[in-house]
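Subject: Structure handed over, with notes

Dear colleague,

Here is the structure you asked about, together with its sequence. My notes on what I found follow directly below it, and I would be glad if you read them with the model open.

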Amino acid sequence: MSRYEAVSAPSEVVRAAAAERLAGLATPPGALGRLGDLAVWIAATQSMVPPAPVTHVRTVIFAGDHGVSDHGVSAFPKAITPAMVRTFLMGKAGVSVLAAQHGVSVRVLDLGVDDDLEGVAPEVTRFKVRRGSGAIHLEDALTTDETLQAIAAGETIAAEEIAAGAQLLISGDMGIGNTTPAAALIAASLSLPAMEVTGRGTGIDESALAHKMAVVQQALDRTRERTGDPIDTLTALGSADLAAAAGFMAAAARAGVPVLLDGVISVAAAVMADRLAPGAAAWFAAGHRSTEPAQTLALDKLGLEPILDVGMRLGEGSGAVAAVPLVRSAALLLSDVALLADLM
Ligand SMILES: Cc1cc2ncn([C@H]3O[C@H](COP(=O)(O)O)[C@@H](O)[C@H]3O)c2cc1C
Ligand SMILES: O=C(O)c1cccnc1
């Protein structure tokens with residue numbers, strides 16, 4: 001199936017040329033630290049040395065509800081999900097404020113919110129697959145057809161964002177309960193037990209955390225035979241919003257457009273994208289480290305070191321958007337700092 005075709009990495013020749021330019025800048029070797037690595041990565045993804053300024057950054061928030069949210073895994077009720085979709089549309093969410101400050105566009109899409117979102121613009125629900133997903137410890141999240149529909153939606157959305165000029169894409173999330181399927185997808189993909197991946201999400205207490213771990217473990221035990229395949233894994237343990245985010249990232253990588261990852265939901269989608277399109281992770285950078293344990297475990301597996309580590313655990317794409325100024329600075333340093341050889 002073509003969906004599982006490997007993705008070629010950013011050009012090694014360009015990467016080497018970018019590394020050579022970095023080494024020749026009028027700075028001591030290594031003095032730019034991780035900004036230097038980031039600059040080399042951006043240049044390689046652009047296939048351009050020096051890299052172009054990263055002006056067009058676009059965020060897509062994939063919204064959806066999760067059957068598990070009725071089973072004591074979150075500190076909040078699922079009615080928050082449609083309320084937050086309306087808040088993104090008003091430009092008043094956490095990510096909205098950061099994105100406005102940094103000149104990043106935000107588009108929110110309802111893939112599976114358990115509400116008909118009456119009165120919102122039709123383009124918000126254009127890709128809706130269903131209302132809510134199955135409670136993954138008891139039943140599959142989706143049917144196979146729904147998973148394929150959601151992945152295809154994500155691919156279309158990526159193509160639209162790229163056609164609109166995106167040089168860097170961010171996937172954000174909104175959906176009460178979504179840290180549970182995100183942890184389950186990461187556990188299934190990395191062969192880890194629930195105990196290692198499950199975190200507090202919106203801030204559950206000790207006893208709710210023990211219960212959430214049991215829910216994740218039950219979901220893993222229920223589906224163990226089917227998680228060798230990424231589409232089956234998304235059907236069993238994911239959701240429409242997570243499958244669409246995975247399709248979005250896989251399509252970005254195939255198109256040669258870099259993606260800046262956010263917290264545990266975004267990184268779970270990235271793990272799935274790298275399974276759907278092996279090698280896709282070479283097109284991803286990690287915006288920040290979330291407090292969710294699964295996110296760090298998955299970033300290690302993908303070989304990614306987060307840019308920021310400031311204790312954020314919001315989701316929505318916020319940690320990635322907060323890192324955008326550093327990505328921009330990295331590209332600009334590699335293009336605009338003098339070469340030491342030109343000074344002497
Ligand atoms: C007001 C509010 C705004 C949010 N924005 C993102 N999330 C984040 O928290 C939720 C995931 O955590 P859990 O799995 O514990 O429910 C998701 O909605 C995620 O997008 C929010 C959560 C709340 C309550
Ligand atoms: O890691 C995240 O992005 C996250 C953590 C908790 C709740 N929502 C999102």
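Glu 316, leaving out residues up to four places away in sequence, touches Ile 61, Ala 93, Gly 94, Val 95, Gly 172, Asp 173 and Met 174. Please keep in mind that this is a predicted model. The residue is found in the loop between helix H12 (293-302) and helix H13 (318-336), and because 29 other C-beta atoms lie within 10 Å of Glu 316, where 20 are enough, it counts as buried. Its phi is near 70°, a positive value in a residue other than glycine, and that is worth a second look because most residues other than glycine have a negative phi. UniProt lists Glu 316 under "active site", although the entry is an unreviewed one, and the annotation may be inferred rather than shown by experiment.

Two ligands are present in the model, and I describe their surroundings in turn. Ligand 1 is surrounded by 18 residues, of which Ser 74, Thr 179, Gly 201, Thr 202 and Gly 315 are the closest. Helix H3 (80-89), strand S3 (168-174) and helix H6 (179-190) each contribute at least two residues to this shell, whose make-up by class is seven nonpolar, nine polar and two charged residues. Around ligand 2 there are 13 residues, and those that come nearest are Gly 263, Val 264, Ser 290, Arg 313 and Gly 315; by class, this shell holds three nonpolar, seven polar and three charged residues. Gly 315 is therefore a residue to look at with both ligands in view, because it is named among the closest to ligand 1 and among the nearest to ligand 2, each shell being defined by C-beta atoms within 6 Å.

Turning to the helices, H1 (residues 12-24) and H2 (residues 34-46) have axes that come within 8 Å and cross at roughly 145°, and the crossing is right-handed. On the H1 side the contact is made by Val 14, Arg 15, Ala 18, Ala 19 and Leu 22, which meet Gly 36, Ala 39, Val 40, Ala 43 and Ala 44 of H2. By class, this contact has eight nonpolar residues, one polar and one charged.

Arg 21 also has its place in helix H1, and, with neighbours within four places in sequence left aside, it is in contact with Val 49, Pro 50 and Leu 334. It is partly exposed, because the 19 other C-beta atoms within 10 Å fall short of the 20 that a buried residue needs. Two of these contact partners, Val 49 and Pro 50, are themselves joined by a cis peptide bond, with omega at about -5°, and Pro 50 is placed in the loop between H2 and S1.

Where does helix H9 (residues 230-237) stand with respect to the rest of the structure? H9 is largely enclosed by it, because seven of its eight residues are buried, namely Pro 230, Ile 231, Thr 233, Leu 234, Thr 235, Ala 236 and Leu 237. These buried residues pack against helix H5 (144-163), H6, helix H8 (206-223), helix H10 (240-255) and helix H11 (264-276).

Helix H5 is also the place of Glu 161, which counts as buried because it has 23 C-beta neighbours inside 10 Å. Apart from neighbours within four places in sequence, Glu 161 is in contact with Arg 58, Val 60, Ala 166 and Leu 169, and its C-alpha atom is 8.9 Å from that of Thr 59, although the two residues are 102 apart in sequence.

Lastly, two loop residues may interest you. Pro 77 is found in the loop between strand S1 (57-64) and H3, and it counts as exposed because it has 12 C-beta neighbours inside 10 Å; its C-alpha atom is separated by 10.0 Å from that of Gly 175, which is 98 residues away along the chain. Leu 117, in the loop between strand S2 (105-112) and H5, has a phi near 50°, a positive value in a residue other than glycine, and is partly exposed, with 18 other C-beta atoms within 10 Å.

With best regards

Conventions: Residues are numbered from 1 along each chain as its sequence is written. Chains are lettered from A and ligands numbered from 1 in the order in which they are written. This is a predicted model: local features need pLDDT of at least 70, side-chain atom pairs count only at pLDDT 80 or more; totals for chains, interfaces and linings use all residues. Ala, Val, Leu, Ile, Met, Phe, Trp, Tyr, Cys and Pro count as nonpolar, Asp, Glu, Lys and Arg as charged, and the others, Gly among them, as polar. Helices (H or I, at least four residues) and strands (E, at least two) are DSSP runs, numbered from the N terminus. Axes are lines fitted to C-alpha atoms, for helices over the stretch in contact, and angles run from 0 to 180 degrees between N-to-C directions. A crossing is left-handed if the near helix is turned anticlockwise from the far one by less than a right angle, and right-handed if clockwise. Two residues are in contact if their C-beta atoms, placed from the backbone, lie within 7 Å.
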